[in-house]
Amino acid sequence: MCRSVNDHAMVEGDSVKSNVIIPCLWLDDQAEEAAKFYLGVFPGGRIVATSHYPSSSDNPAGKPRGSVMTVEFEIAGQRFSALNGGPIFTINPSISFFYYAETAADVDRVYASLADGGQALMPIGSYPWSERYGWIKDRYGVSWQIMLAQRGVPGNVIATSLMFTGNIYGRAEEALKLYAQVFPDGHVENVARYAAGEGPAANEGKVKYGRASVAGQGLVAMDSYGEHKFTFNEGLSLQVMCQNQAEVDHYWDRLGEGGEYGPCGWLKDRFGVSWQIVPTSMAEWMNIKDELARDRAFQAMMGMTKLDIATLEAAIHGK
């Protein structure tokens, strides 16, 4: 199945993407519902764009022709994309999102809102790393770590967090360093390690909490020695928005090295994290009024692995 999330975009307001990395939530058919839910939980919420499956042909997800495929939304300054992809993949806690709240009351409010229909992974309370913290899996399977921000941190911040388990346990620091090299303005901000006695002997020196800044966005990584029945999968992927073909080529080559390339701009890196390498102009192409041109671009994309901007533009113009 080709898993593009920008086909036939119907832009609602500004479609310019301010985040280089946009998490994509793979859902069955709840994209609209989920976006509205998150807008009611977090501050600064808005719907940015909605895309639809083609009306003229069937789609790999088996959804009704012309139905909503993706909803792009923004909360607390972070863009997300929710995809109606069918019941193929399931979101799990290997990727979660930190929400750094300004007050303990905000921690409690957000946690309670996400807990409605969800499941507590760590109950809200006081922990050594935060005066007020809780880990919750919401009704859509998305995991959130809600914590009181340190003093002096302005505003509310959402950061993507990667948990390294199973056969990739112990590689969190390697991943942080790689991502800091691949993305602009990247640097590892801090790494806290497990001390002797914190878990089994093999755990000593592994990453308890590490954070990097990549393209101006926070990225957290941690090693977890516990027995987990999950690891990274396509249920939660990370879109990389590219301004030109040079950026597409760069991210495709660097993130895919040692990993696995897939269709329509998808790849898995050496750690198994799924990425989508996408031109920022995709939504504009798929929003033109000429339906035949949109269909040509869609069919051209369906036959690609790495997306080729010139070929997609030529397809739009019937060349």
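## Notebook: salt bridges, sheet, strand β5, pocket

I started with D108, which counts as partly exposed at 30% relative accessibility. The model is predicted, so I read every value as computed from it.

**Entry 1. The partner of D108.** I looked for what D108 binds. R132 forms a salt bridge with D108, and the closest N and O atoms are 2.8 Å apart. R132 lies in strand β8 (residues 130-137) and D108 in helix α2 (residues 104-115), so the pair ties together parts that are 24 residues apart in sequence. I checked R132 too: it is partly exposed, with a relative accessible area of 26%.

**Entry 2. Other salt bridges.** How many salt bridges does the structure hold? I found 15. I followed two more pairs.

K177 forms a salt bridge with E173, with the closest N and O atoms 3.7 Å apart. Both residues lie in helix α3 (residues 172-182). They are four residues apart, about one turn of the helix. K177 is partly exposed at 44% relative accessibility. E173 is partly exposed as well, at 21%. The cut-off matters here: buried means under 20%, so E173 does not count as buried.

E189 forms a salt bridge with R211, and here the closest N and O atoms are 3.0 Å apart. E189 lies in strand β11 and R211 in strand β12, so this pair ties together parts that are 22 residues apart in sequence. Is each partner buried or exposed, or in between? E189 counts as partly exposed at 39% relative accessibility, whereas R211 counts as buried at 15%. I also noted a network: salt bridges that share partners join R46, E72, E74 and R79.

**Entry 3. The open sheet.** The E189 pair sent me to the strands around it. β11 and strand β12 (residues 207-214) pair in the antiparallel sense over six bridges. Within this pairing, A192 has Y209 in β12 as its bridge partner. I then traced the whole sheet. Eight strands form an open sheet in the order β7-β8-β9-β6-β10-β13-β12-β11, with mixed pairing. Which strands stand at the edges? They are β7 (119-127) and β11 (187-193). Each has a single partner strand, so one side of each is left without a neighbour in the sheet. From one strand to the next, the twist averages 20 degrees.

**Entry 4. Strand β5.** R79 from the salt-bridge network lies in β5, where I looked next. How many residues of strand β5 (residues 78-84) are buried? Seven of the seven are, so the strand is largely enclosed by the rest of the structure. I checked both faces. Q78, F80, A82 and N84 are buried on one side. R79, S81 and L83 are buried on the other.

I listed partners for β5. Strand β2 (residues 21-27) pairs with β5 in the parallel sense over four bridges. L25 has A82 in β5 as its bridge partner. Strand β4 (residues 68-75) runs antiparallel to β5 and is joined to it by six bridges. In this pairing, E72 stands opposite S81 in β5. E72 also belongs to the salt-bridge network with R46, E74 and R79.

**Entry 5. Two alanines with positive phi.** β4 and β5 form a hairpin with two residues between them. A76 sits in the turn. A76 has a positive phi of about 50 degrees although it is not a glycine. I checked its exposure: A76 is buried, with a relative accessible area of 17%. A215 also has a positive phi of about 50 degrees, and A215 is not a glycine either. I placed A215 in the loop between β12 and β13.

**Entry 6. The largest pocket.** I looked up its volume. About 990 Å³ of space lies in the largest pocket. Which residues are closest to its centre? Of the 32 residues that line the pocket, these are F98, W129, K208, Y209 and M222. Y209 is the bridge partner of A192 from Entry 3.

I then asked where the lining comes from. The elements that give two or more residues are β6 (95-101), β7, β8, β9 (143-148), β10 (157-164), β11, β12 and β13 (217-223). The lining divides into 21 nonpolar, six polar and five charged residues.

Terms used. Residues numbered from 1 in each chain as written. Predicted model: local features only at pLDDT ≥ 70, side-chain atom pairs only at ≥ 80, totals over all residues. Heavy atoms only, no water. Pairing = 2+ DSSP bridges. Axes fitted to C-alpha atoms, helices over the stretch in contact; angles between N-to-C directions. Salt bridge = Lys/Arg side-chain N within 4 Å of Asp/Glu carboxyl O. Buried < 20%, exposed > 50% of the residue type's maximum accessible area, 1.4 Å probe, protein only. 1 Å grid on protein atoms, 1.4 Å probe; cavity = no way out; pocket = protein on both sides within 12 Å on 5 of 7 lines; lining within 4 Å. Points joined across faces, edges and corners; volume = space filled by probe spheres on them. Nonpolar A, V, L, I, M, F, W, Y, C, P; charged D, E, K, R; others polar.
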